[in-house]
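Have a look at the sequence and the 3D structure below before you read on. Try to trace the chain once from start to end.

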Amino acid sequence: SSSDPPEAKSLEDLQREFIEDRFGMFICYNIMSYGVKWGQSDNDIGIFNPVDLDCRQWADAAVSANMKFGLLTTKHHEGFCLWDSKYTENDVASTPYKKDIVQQYVYAFREKGLKIGLYYSIWDSRHNIEKGMIGEKEMDFIKCQIRELLTNYGKIDYFVIDGWFWRMGHREVPYNEIRELIRELQPH
């Protein structure tokens, strides 16, 4: 029926599409852009107020360079979210800026025909998502934030996870649970 979700593409097809896209923009933009140190957990989010931010400039630059996609750091290791997350106040909605940057980025890139990529760090120094501290509560937090990102912005072409293996090891976070959630929400 027309309400059934689209059938998932094979891994080979997904890999081929990625290789064919070849060239994209990685936008490492977050609270560190305003002086917070890498991995710093006690940052003052009040400093975040990019009044002149225009994601259309990023999209225009990508198009002018013949790029096919963008990849935005929606949340880096410091735990600051570029969207209004229901699961933390460490986000753009709690800053003087108040606007959803993920939404602005998605709109600007989609308007130019570019594919959408989102980067999400599982390691989160602000919310104690650390090695030896991952339990059911932390997994719920991770999954709820991933669900927000993969349901609030339409089709997402690429989803990149960081801060998982290199920071915590393979067994700290049950990757298969994360993968199954991603495939359920965004089968392509």
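What follows is a short tour of the sheet, the helices around it, the core and a couple of loop residues.

One thing to keep in mind is that this is a predicted model.

**The sheet**

Let's begin with the strands. Four of them, in the order β1-β2-β3-β4, make up an open sheet with parallel pairing. Why does one side of β1 and of β4 have no neighbour in the sheet? β1 (24-27) and β4 (158-162) stand at the edges and have a single partner strand each, so one side of each is left free of a sheet neighbour. On average, neighbouring strands here are turned by 20° against each other, if you ignore direction. In general, strands of a sheet pair through backbone hydrogen bonds, and they can do this in a parallel or an antiparallel way.

The table goes through the sheet pair by pair.

| Strand pair | Bridges | Residues opposite each other |
|---|---|---|
| β1 and β2 (residues 69-75) | 4 bridges, parallel | Gly24 and Phe69 |
| β2 and β3 | 6 bridges, parallel | Leu71 and Gly117 |
| β3 and β4 | 5 bridges, parallel | Gly117 and Tyr158 |

Notice that Gly117 turns up twice: in β3 it stands opposite Leu71, and it also stands opposite Tyr158 in β4.

How many residues of β2 are buried? It's 7 of the 7, so β2 is largely enclosed by the rest of the structure. For β3 the count is 6 of the 7 residues, so this strand is largely enclosed too.

**Helices on the sheet**

Now for the helices that lie against those strands. Helix α3 (residues 101-111) lies across β1, β2 and β3 (115-121), and it runs at about 155° to β3. Helix α4 (residues 136-151) packs on the sheet as well, where it touches β2, β3 and β4, and its direction makes about 165° with that of β3.

You can also follow these helices as links between strands. β2, α3 and β3 together make a right-handed β-α-β unit. Going on from β3, the chain passes through α4 to reach β4, and this β-α-β crossover is right-handed.

**A helix with a buried face**

Helix α2 (55-64) deserves its own stop. Which of its residues are buried? They are Cys55, Trp58, Ala59 and Ala62. If you look down the axis of α2, these buried residues fall within an arc of 95°, so they line one face of the helix. This fits a handy rule: an α-helix has 3.6 residues a turn, so residues three or four places apart point the same way. The buried residues of α2 pack against β1, β2 and α3. On the face turned away from that buried side, α2 carries the exposed residues Gln57 and Ser64.

**The core**

Where do the nonpolar side chains gather? The largest nonpolar core has 49 residues, and Trp58, Tyr105 and Phe109 are those with the most contacts inside it. The elements that give two or more residues to this core are β1, α2, α3, β3, α4 and α6 (175-185).

Trp58 is a nice one to click on in your viewer. Setting aside its neighbours within four places in sequence, Trp58 is in contact with Met25, Ile27, Tyr29, Leu53, Leu72, Tyr105 and Phe109. So Trp58, one of the buried residues of α2, touches both Tyr105 and Phe109, which share with it the most contacts inside the core.

**Two loop residues to spot**

Finally, check out two residues in loops. Asn66 lies in the loop between α2 and β2, just after α2, and has a positive phi of about 65°. Asn66 is exposed, with a relative accessible area of 60%.

Lys98 sits in the loop between β2 and α3. Although Lys98 is not a glycine, its phi is positive, at about 70°. Is Lys98 buried or exposed? Lys98 is exposed, with a relative accessible area of 53%.

Definitions and conventions: Residues are numbered from 1 along each chain as its sequence is written. This is a predicted model: local features need pLDDT of at least 70, side-chain atom pairs count only at pLDDT 80 or more; totals for chains, interfaces and linings use all residues. Side-chain values use heavy atoms; hydrogens and water are left out. Two strands pair if DSSP finds at least two bridges between them. Axes are lines fitted to C-alpha atoms, for helices over the stretch in contact, and angles run from 0 to 180 degrees between N-to-C directions. Contact means heavy atoms within 4.5 Å. A nonpolar core is a set of buried Ala, Val, Leu, Ile, Met, Phe, Trp, Tyr and Cys residues joined through side-chain atoms within 4.5 Å. Buried means under 20% relative accessible area, exposed over 50%, partly exposed in between (1.4 Å probe, protein chains only). A crossover is right-handed if, with the strands pointing away from the viewer, the path from the first strand over the helix to the second runs clockwise. The arc is that of the directions from the helix axis to the C-beta atoms.
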